[in-house]
Each structure stands twice: as structure tokens, then as C-alpha cells.
Amino acid sequence: MKKALSLILALAMVLALAACGSKSGETETTPAPDNTPAVEADSLTFKLGGTGPLTGGAAIYGTAVKNAAELAVEEINAMSGVHFELNFQDDAHDAEKAVNAYNTLKDWGMQISLGSVTSKPAEATSAENYADRIFALTPSASSVATTAGKDNVFQMCFTDPNQGSASAQYIADKGLATKVAVIWKNDDVYSKGIYDTFMAAAPGLGLEIVSDTTFADGSDTDFSVQVADAQSKGAELVFLPMYYTPASLIFAQAKATGYAPTWFGVDGMDGILTLEGFDTALAEGVILLTPFNADSDDARTQAFVEKYQEKYGEIPNQFAADAYDCVYAYKQALEAAGCTADMSNEELNDAMIAQFTSMTFDGLTGAGMTWGTDGAVSKSPKGMIIQNGAYVGLD
Amino acid sequence: MSFFNSLISGISLGSIYAIIALGYTMVYGIAKMLNFAHGDVIMVGAYVCFFAASRFALPPLAGVLLAVVVCTLLGITIEKLAYAPLRAAPSLAVLITAIGVSYFLQNAALLLWTPNPKVFPNFVARRVDGVDKAGVEFFGGALRVSYVTLVTILVCLAIMAVLTIFINGSKLGKAMRAVSEDKDAARLMGINVNTTISATFAIGSGLAAIAGVLLCSAYPTLVPTTGSMPGIKAFTAAVFGGIGSIPGALLGGLMLGVIEILSKAYISTQLSDAVVFGVLIVVLLVKPTGLLGKQIREKV
């Protein structure tokens, strides 16, 4: 009996571990999308690869990136100049699967890369990109480790530290609060990266952190304790460096206890309004820093949102906009460098590094973007507030 | 007062664990197998109820009933297709099959319902003076108990009572107890063992549907992996209370929920799971069959 129980418990632990990763099927193969117009392999058609979660808990991000990249490729292929052949593979937000997907792309003959969509897999694939000298521009993998020490990996999104310190700066500048609570996810590099720099920046800006609580995979449904802690310590603002799924639970549970602080999110909060069945009134007044606003008056943004909505039936989020920008940034860089498709990936790699560290790019997620040699982008975040179920620009 | 608030959160969470743990414990007690797919049947139940309420606009109670019916049928089907052919096989083979079924259900849900999270509607709010009230307040708002919590605790106690009466009083209950004691002897006494085990699965899966609805009412995010972690914690609760024992499932579930929330509140939000499983290890070291488990002497 004892033996049987210990065996069963051991199995339960294995299952618990398995439950922590995203459970999903095998890497789904998505060869070049059927719906992109067939492009003849001419001397200006580049093989562009990328991986991201198309299945599993983070699939909403990978799907957004894939859709927007397809849309951009379709538009670019209809123009003269460089053309792309896109191959986007599923990595299920898993580092090991991402490396397998990367190898599939390498076998296919990938010349330039969109890296990976989420941070954990991107840290694995960017090391491969570096070793193989295949240039990567990731739309959304924001951790520092994605680019650190790799001269040929660049980001279209803000880095996590950038978000943490920018958030603290924004809260202090606008005088939103002095007593702040933070709830963060301690088994997630994204959340921890933002948390660390937020905490480092906060004291110098006169922000007092009164409550600091965490959660992790597997204990991410009950937030009564975290919310009660923030409430009892009188936090006026709660900073939520996390994705929107746990955030939606926090809003619901805070409402049940009658707690209504200012909620402050980061780019992972983007997507909360499209959550099926979500009562958008719960997110009323949530402030977040994001570089993209689908409601913007900007003509290019409006055209993008309209096309995306027509094709995929939903409003694009920031991940989609970042991916769209990535493809156009590649077009600009490849054309400026006069690259041709018969160049080796090493030659393309060197040309792209030279271009990205020197060029200025105007995209949907910011004007006048530049990149440092560390691969981090420089663009300014915009404050957004959720009002009547829609994002409204604050600045 | 914050202690009592935490205690209530703990009891609420614990009641959900207890209902899920009942499913594990019944199947284990009678069929002597661990149905690791139980957590995923919970997920299916929650999805059925979600679609009934949001897409077909059925009243909540009808949604719950539909979920119970679908899960009961699903439970019987799983038992017939995956477990019944393995009745004579070693228990390890059945265990692995159960894990396979669990993965199958999760991935089928991924395909059918996509990985995008869905927010479960709140069935148990009451309109007072035109405002949705989510709970009752005591001591001028210092102590809050949400309706979901009240409903969860009441449903949990009701299920426990009905199940105890059913197992001890009804003919089928008697047959279940006989099968749990000795399958072969029960067969000789004229009990249809296969039907009895199917009935156990049917009841366990029906309970899973109710647990799914309650779980998602309390924590309203629904994804294809919703059932896996609560399933594992409820399994732990069943072992904690003594697997095979119905009161043990209640006790184990409640204790696990309360320990989890209190350790979050008073020790550390980072270490709460470590504390819960640490307590489990200590209990099993002292009482290997769990708190209320039967002492079984194995003859050599």
C-alpha cells in the first residue's frame, strides 16, 4: 500500500510538472501560407522564418504575429522591390519545441528570421540564430536575455526593464499614486524582468511599495490573498506586470471585495478586451503602457486595422502591430542595403546588422525608431486607459 | 478580520477540491484505479455549461444539468472504451491509460474550443436595488462572503450527505461496497461488476461537471488546461484525507484549501504550494493511508 501510494504520488508530481508547461500537441507544420499569392523565386525573394505559439495557453500572441506577418508579406509581395516567402512554425511557448521548429526552418533554407514570439522560447532560438549567423528581428520577445550577447538579434518591442522603469516613471510623473502594490508572477521571466526594474526605479521616484505579492503557474486562479494584502495596506495603485488572463481574475476578485484602486498594466494586458465573455466594465479605468493603439487616427494604423479585421475577424493587438512592423522594417533594410536572395545568410546577417544599427524606421508602433548595437529598440511608450470597453490614448 | 476572510476563501477553495476529490476517491475506492482524466472531465463540464449559457442562452440550471448529463455520458464512454478492456491488466497499465485519456481530452478541447481563454459567466450574483451584489457582508463590510462561496459550500455538503446515504442505503450502493471489498466474491454473489463500475464512473463524472461549474464560477477563466492543476490538487486532497474514504475527501479537500490560502496570507505567496505539499508529506509519513484511510494489513 505504501509502495503503491509513493508510486502514485511520484506520478502525480510528474503530472504537475507537465501541467506547468503548456500542454499541446506536436509542433504544427505550417508551410508557406496557401493564401499568399504565389511568388516566383526571383532574385529578390527572401525566405523569412519565425516561430511562435499557435497552440497552448499563449496561442493568442503567436496567432496574432503570424496573421499580421502574413498580411504584411501579402502587401509587400504585391509591390515591386523585395518579396518574402514566409514560413511560420508552432513552438507552443516551449523552448525545446521552439528549437525543433527553428531547425525545421533552417532545413527549409531560412535566410532571415522573426525569431520567436514569446520570451522563454526566444531565449533558446536566439542562441541558435547567433550560432548560425542568421539575423533575427523578434516582434515581441521582450526579455533582455533574448538579445544579450548576441550581435544579430534585434527587438521590435520594448525590453522588459524598459517597461518596468517606464511604468514607474509614468506613475510618478502623472502623480497617479504614492502607495503602490505589485502582484507579479514569480516563475515567468517576463513578469520578473519588469518587476525587478520597477522595484529598482520606484523608490527614487517617491513611490512607496506597500504590498509585494506573487503567484505562479498552478496557483494562478485564487488571488484573494494578494488582493486583500494590497487593500489592507492601503495601496492606491496596483501594478500588474503579467499577461491578461490572470489580470482578468484579479479584477473580478477585487470587485467582489469592493476594492477599486487604479490598475496599471504593461503590454501583456493588451488583449483583455477581446477575452471571450469578459465583462469589460471590470477593466474600466485600467491604465497600460503600450506602443500601439488600434483606435489611433493615424491613416496607416487605420488601414492595417481594417484589413486585419476583414481577414481575421478581430481587432489586431500590439503583437500583431509589432509583427507587421518587423516585416516592413526588413523590407526597408533589405532594399537600403541592396541585398539579393542569392546572398548567403552570413552576408545578409552582416548587412542587416549594419542597417538596423544605422537606420530610422517609421512603423505602426512608433515613429523614428532606432536600434542600439545591443538590439534594443528606442521608441516611446504611450499611456492608454480603458474607457467604455475601448483603449483611449492618455497623452 | 482578515484572518476570517482568508479562512472563508480557504473553505471555498477547499470545498471545490473536496467535490473533485470525491470523484477520485469513489473511483479509487470501488474500481481500485486512479482516474487521472477526472480533472479534464471537469474542464469539459465547464465548457458545456459555458456554451449552454453563452451561445444557446439556456438558464443556468439547465446549463448545469446539461453539463452533468454530458459528463456522465463522457465518463461512461471513457470507462467502456479505455478502462474496461484493461480490467485484468496490471494497475500500472490502467494508470498510464488514464494519463493518456487526460492528454486526449485536453488536446481535443484545444482543437474544438481553441486555446483562447473564455470568461465564465457569474450565475450566482443577486440584483439588489438594481446593482449586482456578489456577496453578503458582515460587521459593516469587514467580512465578506460571496454567493459563489456560499453555494459552493452548501453544494459540497449536500453532495456529501446524498452520497453517504446512497452508498450506505441503496442497493447499487451496497453493490459498490461489495465490489470494492472483493470483485470476484461480488461476482459470485450475483453482482454485475461491470455495471457497478460503470455506475461509479457515471456518478464520479456527473460530480465532475458540478465541480467544473463551481470552479469556474469562483475563478472564471476557462482554458483547456483549467482542470489539470485543480485535479492534481484534489487528488492530493483525496490522498491526504485517505483515498477511498468519502468523509476523508471532504476533510482532505477543506484542509488543503485552508492551508493553501492561510500559508499564502501568513507565510509567503511564493511558498504556499511548498507548504501544502510539505504538510502532505508529513501526514503521509505519520499516517501512510491518509487521515481517515483504512488500515490495510497486507498478507504475505
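In this predicted model, a good place to begin is A68(A), which touches Y308(A), P316(A), A320(A), A321(A), A323(A) and Y324(A), when residues up to four places away in sequence are left out of the count. Contacts of this kind, between residues far apart in the sequence, can be followed through chain A as a whole: of its contacts between residues at least 6 apart in sequence, 70% join residues at least 24 apart.

A68(A) also belongs to a wider group, the largest nonpolar core, which holds 206 residues and in which A68(A), I19(B) and A46(B) touch the most other members. Helix α1 of chain B, running over residues 2-31, gives the most to this core, with 16 residues. Chain A takes part through two domains, since domain 1 (45-158 + 299-380) and domain 2 (161-290) both give residues to the core, and it therefore lies between them. As a general background, nonpolar side chains in soluble globular proteins tend to be buried together.

Turning to chain A itself, one finds twelve helices and 15 strands, and buried residues make up 55% of its 395 residues. Three of these strands form an open sheet in the order β11-β12-β13, with antiparallel pairing. At its edges stand β11 (361-363) and β13 (377-378) of chain A, each of which pairs on one side only. Looking more closely at one of these edges, β11(A) pairs with β12 of chain A, residues 366-371, in the antiparallel sense over two bridges, and within this part of the chain F361(A) stands opposite M369(A) in β12(A).

Notes: Residues numbered from 1 in each chain as written. Chains lettered and ligands numbered in written order. Predicted model: local features only at pLDDT ≥ 70, side-chain atom pairs only at ≥ 80, totals over all residues. Core = buried A, V, L, I, M, F, W, Y, C linked by C-beta atoms within 7 Å. Buried ≥ 20, exposed ≤ 12 C-beta atoms within 10 Å, placed from the backbone. Helix = DSSP H or I, 4+ residues; strand = E, 2+ residues; numbered from the N terminus. Domains from an automatic or database assignment. Contact = placed C-beta atoms within 7 Å. Pairing = 2+ DSSP bridges.
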